[in-house]
Amino acid sequence: MKKMKARTKWLVPILALLLILSGCQAIGGFDVNKALLGDLDVKSSESSTTMSLSAVPAAGITAEDREVVDLINSLSLTLGHVKVQDNGNVSATGVVGYKEFKIPFSLFTDQKNLVFTAEGAKQPFYMPLQSNEMLLGLEATDPAKTLEFTKLASQFMIKNLPNPGAITVTSVNESVYGQPTSLTKLHTEITGEELPVLLKSFLRSVSKDTEGFTALISGLYDYMYPLIKDRAEDLNSIGLGDIPLEDKEGVVTVVHDAAKLAVDALLLVYDKQLENLYESTPELKTVLGKDTKLTADIFVDSGFHVRKQNIDFNVALPADEYLPLQSIKMKLVSETWNVNGPVTADPISTTGAIDYSKGDLTPGETLRSFDANSSVYKLLKEEMAITSKSLMISPDDDYYYPIVDNGTTYVPLRYIAEDLDATVEWDAANRAIKVTDDVYGDQLVFKIGSAQAQIAGKTVKLPQAVSVDEYGDAYVPLRVLAQGLHATVEVDDDGYIWIERP
C-alpha cells in the first residue's frame, strides 16, 4: 500500500501539465483562439486516433519492476474509425494492444446505452446511460445548456491562457484520410519549467477579466440552477437553505466576488507557496523541469476545424525507490474528415447483450462470455488471472469457524463455496446442497446425514456424515469441498490454512 501511495503522488503534476496546450494570442495574423474553439461547433465527423506509451526504466530496477515497464510499453490504443453523428450517436472501431495481444473492439453510444463488444465475445455488453445520469443527479440537465456552458468555459479558459515560449504558425499541405488538404499548422512546445509561470499568468488574466469571469459564473448558474433547485433539501442539510437562489444577479455577484478574492489571495502568496512546495517536495523540480516537455502540432483548416494532431508528451520523473521509471512518454496521432458532413454511426444491438450495470460478473460468467480460443479469453484467464482466488483461515477464525475432528478440518459449506464464486442451492426434496463451480461448471452434491458426496459425477466417501450446526450451517470436509472447486489447500507451520484457486 505504501508503495502504491508513493507512486500515485506524481499523478497530480503530470495531469496538471496536460491541461496546458497553447495560448490565445494571435500569431502571425492567425487567430489561435478560433483554432482551439472551432471544433466546439462540429456536429458530425469521422476520425481516427492512435495512442501509445513509452516508458524509460530507472537504473537498477528489479525484475518485477522491469515487467511493469514492459507492460506500459506494450499498451496502445487505435481508434480506426470514429463516427460522430449529428444526433449525438457515436460509434467506433479499434484495437487495444496489451503485451502480445491485439484485441479488436467496437462500441456504440446513443442517449440510452453504451454498447461495446470485442473479438471473441459471444454477445455484446451494454451500460444504460439514463440510470447513470440519475445516479449522478444529472437527469434535469438540458443537453443544449450543457453544450452552451462547455463552449463558454472553453472560451474563458483559452481567452486567458498565455502563449508558451515556443509557438509558430505555418501554411502546409497535408494528407487527411488520403486527401491532400491545405491547412494551417500550429506548432507549440511547452516545458515543465514554464508551467508555474504560465499558471501565474493565467491567474492574473482571470483576475483582470471581470466581464469574462462574470459571464462564466452566470453561465454556470444557468446550467446548475435546475439541479440545485430540485435538491433544496440538500442545501438545508448543510445550512445553506436560506440562500435566495432565484436571485441570479445577487448569486452571480457574490460568487464572482468570492472567487476573485480567492484568486487575488492566491496571487499574493503564489511565489512563496511555490518556493515552499519545491522545498517540501524537491522531486517536483524534476517533473517541472526542462526534460518534461509537451510538443504539439495541430493542423487546422480554413473553417478553424482541427483536422490532424501530432502530440508528444514526455514527463521526466525523479529518482525514487518506489518509481521504476526515469520518464514516460505519450504519443497521440489523429486525423478528422467529413467535418459536419453526412455521418451515420454504426449501431450495435442490445438484443441478447449483457447488462453490465446489474452487478459485477463472476470470473466464470465473464470467461463464458468469450470464445475459449479468443485473445480476450486468454488475456483474462492467463495474463490477468481473473479466476485466481486466495482464502485464508486462521486457527481461531470467527468467520469460517473451522472445526477439526480426527485430523479432518470441517467448514461451513456456504461460506467457502460462495467465496470461491460458486453458487449454492438447497434441494429440499432430497435434503441435499448443490454447489456449482463458477469457472468449470462442475457440480458438487452434499446430502445432509450422508457420508457420501457427488463430486463432478463421481461418488466420494466422506470421513463422516454431513451435519448441520445450531445456526443452520452445513459442515463438510474443507479439502473435499475446495478440491472439488479446483482449489488447493495448504496448512503452514503456524496452523493457517491457505486455499488457492489458480
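This is a short presentation on the predicted model of one protein, moving from its overall make-up to its sheet, its cores and its salt bridges.

Good morning, colleagues. I begin with the whole chain. The protein contains 15 helices and 24 strands. Of its 502 residues, 39% are buried. Its accessible surface comes to about 27,700 Å², and carbon and sulfur atoms hold 55% of that area. If we take the contacts with a separation of 6 or more, 59% of them are between residues 24 or more positions apart.

Let me turn to the sheet. Strands of a sheet pair through backbone hydrogen bonds, either parallel or antiparallel. Here we find an open sheet of 12 strands with mixed pairing, in the order E7-E8-E9-E10-E11-E1-E2-E3-E4-E5-E6-E12. Which strands form its edges? They are E7 and E12, the latter made of residues 354–355, and each pairs on one side only.

At the E7 edge, strand E7, residues 166–176, runs antiparallel to strand E8, residues 179–191, and 11 bridges join them. One of the partnerships sets Asn173 against Ser182 in E8. The hairpin of these two strands has 2 residues between them, and Tyr177 adopts a positive phi near 55° there.

Further along the order, strand E1 covers residues 45–57 and includes Ser47. Is Ser47 buried or exposed? Its relative accessible area is 14%, so Ser47 counts as buried. Apart from neighbours within four places in sequence, Ser47 has contacts with Leu79, Gly80, His81 and Val82, and also with Glu335, Thr336 and Trp337.

Next come strands E4, E5 and E6. Strand E4, residues 101–109, pairs with E5 in the antiparallel sense over 5 bridges, and a hairpin of 3 residues connects the two. Within this pairing, Leu107 stands opposite Phe116 in E5. E5 and E6 also run antiparallel, joined by 4 bridges. In E6, Met127 is the bridge partner of Leu114, and Pro128 is the bridge partner of Asn113. The hairpin of E5 and E6 has 6 residues between the strands, and Gly120 takes a positive phi near 95° in it.

The loop between E5, residues 113–118, and E6, residues 125–128, also holds Glu119. With a relative accessible area of 46%, Glu119 is partly exposed. Glu119 lies 17 residues from Lys102 in sequence, and their C-alpha atoms are 9.7 Å apart. Beyond its neighbours within four places, Glu119 is in contact with Pro104, Phe370, Ser374 and Val376.

I now move to the interior. The largest nonpolar core has 29 residues, and those touching the most other members are Leu413, Ile416, Val435, Phe446, Leu478 and Ile499. Among the elements that each supply at least two residues of this core are helix H14 (413–419), helix H15 (478–484) and strand E24 (497–501). As for Ile416, its contacts beyond four places in sequence are Leu391, Ile393, Tyr400, Val411, Leu478, Leu481 and Ile499. A second, separate core has 16 residues, including Phe156, Phe202, Leu216 and Val252.

On the surface, Leu266, Leu268 and Val269 form a nonpolar patch with about 300 Å² of accessible area together. Leu266 belongs to helix H10, residues 248–280, and is partly exposed at a relative accessible area of 40%.

Finally, the salt bridges. How many are counted in this model? The count comes to 16 salt bridges. One of them joins the side chains of Lys389 and Asp421, at 3.1 Å from N to O. Lys389 lies in strand E13 and Asp421 in the loop between H14 and strand E16, so this pair ties together parts 32 residues apart in sequence. Asp421 also meets Arg501 in a salt bridge of 2.9 Å, N to O. Arg501 lies in strand E24, so this second pair ties together parts that are 80 residues apart in sequence. Lys389, Asp421 and Arg501 are thus linked in a network. Within this network, Arg501 and Asp421 are both buried, whereas Lys389 is partly exposed, with a relative accessible area of 25%.

A further salt bridge connects the side chains of Lys434 and Asp427, at 4.0 Å from N to O. Lys434 is partly exposed, at 29% relative accessibility, while Asp427 is buried, with a relative accessible area of 17%.

That concludes the presentation. Thank you for your attention.

Note on methods. Residues numbered from 1 in each chain as written. Predicted model: local features only at pLDDT ≥ 70, side-chain atom pairs only at ≥ 80, totals over all residues. Heavy atoms only, no water. Pairing = 2+ DSSP bridges. Buried < 20%, exposed > 50% of the residue type's maximum accessible area, 1.4 Å probe, protein only. Contact = heavy atoms within 4.5 Å. Patch = residues over 30% accessible without salt bridge, like charges linked within 9 Å, V, L, I, M, F, W, Y side chains within 5 Å. Areas by Shrake-Rupley, 256 points an atom, 1.4 Å probe, with all protein chains shown as cover. Core = buried A, V, L, I, M, F, W, Y, C linked by side-chain atoms within 4.5 Å.
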